[in-house]
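Here's a quick briefing to read with the model open beside you. It goes helix by helix first, then turns to backbone oddities and the overall picture.

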Amino acid sequence: MQPTPDLWVLVALVGLPFAAAAATPAVARQLGNRTAYYAAAVAAVCLALVASLAGTHGGASVTWVGPLSVTFGFYVDGLATFVGALASGVGVLVFVYSAGYMREEPGQTKYYATMLAFMGSMLGVVYAGDLVVLFCFWELTSVASFLLVGHYSEERESRYSARKAMLLTVGGGLFMLVGFVLLASATGTYSLAAMLAEPAATRAAVEQAGLLLPIVSLVGVGAAAKSAQFPLHVWLPNAMAAPTPVSAFLHSATMVKAGVFLLGRMRPLLVGDDWTHIFVTLGLVTMLIAAVLAVCATELKELLAYSTVSHLGLIVAGFGFSTAVGAETGVFHILNHAAFKAALFLVAGIVAHEAGTRKFSELGGLACDLPVVAGVTVVAALGMGGVPPFNGFYSKELLFEAAYHLAAHDGGLTWAYPVIAVVGSVFTLVYSLRFLAVFFGEKPEALGHVHRAPWSMNGPPLLLAGFAGVVGLGGVTAALGFPLAPVESFVGHVAASTLPPGADHLSFHYYLPTYVSPAVVMSALALGGGALTYLVWERVQAAVTGALDAVPPLGADWWYDTLVFGANRASTATHRTLWTDRLRTYATWTFAGAVGLGGLGYLATSVGVPLATPTLGIPLTVILAVAALAAVAAIRAPSHVAGVLALSVVGFGVTVFFVLASAPDVALTQVVVETVTFVVFLVILDKLPSYYGRIQRSRAARDAVLSVIVGGFVTVTTLVATGATPDSIASYFVENSVPEAGGHNLVNVILVDFRGIDTMGEIAVIAMAAVAVLTLIVMRERGETP
């Protein structure tokens, strides 16, 4: 029995980065560039707190929104510990690296504060034990990444990239939120910890409600947007406009890992045939397409961006398989990818920082000037390419094994899975060799001597490559009978937390293959095919680039730009149509929109209209007749003043109606409103012409038709509303007015107590309007214009 986690440790873990981010401006004024080490220290403390939670399991929470069963809750298991350690551990290295990289960069205070807030948001996602809490932190990661991607805000490319990342990830998050609401409606709780405590019961409740496929699809959209799966991958390559440490942090261990973390978190609850078909297909297609695009990249960070998308596709496909091997694939490759990809991003930063360029055409032969960085690149790039015995080889072997067994079991079209996995791996090796070639071969004469980077920049990628190398060598020692037990036990423990109920899971082992198996044959085909394709990669690049140039719709960027900028143009055209500076136009569209939306509501709910007519006494009949005559008089009034007087008769008639209906408070309010409105109208009319102008017959006919429609809609709505009998609501107010609110005036109690928040909102709106009017008056007195 594992001990339960301490709530206050979790609060400290998630809250510390936010508190540190708030203190960053004051710290930066004292430390300057050494603020990087302050941020690294915060990340190190978070890593220590994550380590203190290792071995605990379960949830810890406090009530947040009790009536909705929403708690501010956390949940700890192997998966949370794993991803939390990646976020904080890689954060330490990235912050140290930033001390050298960001030394001369602008906006360092904003950079470190936002990076810390982002780390806190990611830790919140990882340890969230409630769906609402998870969603809140999920969106915070999008907000923080928006600021980080757009760090160079004066550059148009950065602003474009930040908006694209924000739009796609936040939009995907809204789909995910709908999935969460459906999941909560089926299970009766938003507590993720409660669902994971009884995954079989949760799955049964979802299936009984008939919501399994909708929930899987909606959650999948959110995960796909965040982890940049095809066709929502377009934001990640553009996000390379951010500083290199941001790219290393967000795209190796945090931002994009949130999407695959969500799949791992939901896997015990939702895995099944629908889950497998959706995510295995999505992951493998993304893996292949992004690998081909990475081969066509022209500079280092672009290649790493597409390779990140491709490897995320591998992880998504791994989590898509319902077997234990699929879980091991996803978990092990998250670990391997974080190690070699973070190292390679930092290498790209060193190259750009010291050589002044990231373009392949301007680089080569850097091993002589940067021997340590070249060694790091060998280990990390060959791990990325899946070359044995480097670390990426073993998790890719697991993918091959899972794909082959699924195809052998199901047959038919599922045989496409191992084929796509092999072809995608071919191109993975090609782009890995392209990255490695920057350090070997002939050095361009224009490049000159490249200075070595400071230790703060060399140290972090060296540590990451060292870890990746140790994991890779563990497979060799395991084949000799000396497995790397800490890694195996940890990966096995994390994989077990992503398994559905009843799944068989033996202890996890990885090793360099010593016998022929289907996975080994697939690896051999991938390595051999990759080596041969590398010899002709320029032809591949030319063919793909030519196709994208000839047929722009083949590129996902074309669809994004067309939809977004098309929406901008449509918005501008709509603005020109509606914003005519004419009150008649505004009133027309307002009334037409209200009637249209209300009519859709009636159609959706199929509400019947009562046919019985109300019984009116003589006084009410007289009052209504006078109001009707006044309304006709207002329509036919020859001047503004006559029209306002006629409208006032209608208003005061309504006041008398309220008096006869035993509602003196409402009648008094109506008198005050009608009197003030009448006076205001007269003051305004003093500045207007005395008589109405003439309008076109067609416009008058349109207004008449719209008026009849609005009047009919209001009449129908009144009949429907008065036909209802809300006895329970009325009796509740009557019975609780005195004991709960201490008031005998029921109307006042409803406004001030039962609807206090609504009333406060209305007061706030009136106050803001008053401030705006006062501001305009003051500006006018000063001779200013808004």
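**Briefing: a buried helix and its surroundings**

Helix α14 covers residues 300–320, and its 21 residues reach 30 Å from the first C-alpha to the last, close to the 30 Å expected at 1.5 Å a residue. Keep in mind that this is a predicted model. The protein chain holds 31 helices and two strands, so the notes below mostly talk helices, with DSSP runs setting where each one starts and stops.

**Helix α14**
- Of the 21 residues in α14, 20 are buried, so the helix is largely enclosed by the rest of the structure.
- E299 caps the N-terminal end of α14. The contact runs from a side-chain oxygen of E299 to the backbone nitrogen of K301, at 2.9 Å.

**Helix α9**
- α9 takes in residues 212–226; those 15 residues reach 21 Å from first C-alpha to last, close to the 21 Å expected at 1.5 Å a residue.
- Eleven of the 15 residues are buried, so α9 too is largely enclosed by the rest of the structure.
- The buried set includes L212, I215, V216 and L218, along with G220, G222 and K226.
- Which helices do the buried residues of α9 pack against? They are α5 (131–149), α6 (156–187), α8 (199–208), α10 (235–238), α12 (255–270) and α13 (273–295).

**The loop after α9**
- Following α9 comes A228, which sits in the loop between α9 and α10.
- A228 has a positive phi of about 60° although it is not a glycine. For context, most residues other than glycine have a negative phi, and most peptide bonds are trans.
- Is A228 buried or exposed? It's buried, with a relative accessible area of 0%.
- P231 is also placed in the loop between α9 and α10, and the peptide bond leading into P231 from F230 is cis, with omega near 0°.

**Around the start of α17**
- Another cis peptide bond joins P388 and P389, with omega about 5°.
- P389 belongs to the loop between α16 (371–384) and α17.
- N391 lies in α17, which runs over residues 391–410.
- At 1% relative accessibility, N391 counts as buried, because the cut-off is under 20%.
- Setting aside neighbours within four places in sequence, N391 is in contact with N336, A339, F340, G383, A468, V471 and G472.

**N748 in α30**
- N748 is part of helix α30, residues 746–754.
- With 41% relative accessibility, N748 counts as partly exposed.
- S737 and N748 are eleven residues apart in sequence, and their C-alpha atoms are 9.7 Å apart in space.

**The whole chain**
- The C-alpha trace spans about 105 × 60 × 60 Å along its principal axes.
- Of the 786 residues in the protein chain, 48% are buried.
- Take the contacts between residues at least 6 apart in sequence: 78% of them join residues at least 24 apart.
- The exposed area comes to about 36,700 Å², and carbon and sulfur atoms supply 69% of it.
- On charge, there are 35 positive and 43 negative side chains, with the centres of the two sets 12 Å apart.

Notes
Residues numbered from 1 in each chain as written. Predicted model: local features only at pLDDT ≥ 70, side-chain atom pairs only at ≥ 80, totals over all residues. Heavy atoms only, no water. Helix = DSSP H or I, 4+ residues; strand = E, 2+ residues; numbered from the N terminus. Buried < 20%, exposed > 50% of the residue type's maximum accessible area, 1.4 Å probe, protein only. Contact = heavy atoms within 4.5 Å. Areas by Shrake-Rupley, 256 points an atom, 1.4 Å probe, with all protein chains shown as cover. Lys, Arg positive; Asp, Glu negative; His and termini not counted. Charge placed at Lys NZ, Arg CZ, Asp CG, Glu CD. Expected span 1.5 Å × (residues − 1). Polar contact = N/O pair within 3.5 Å; in protein donor to acceptor, adjacent residues only side chain to side chain.
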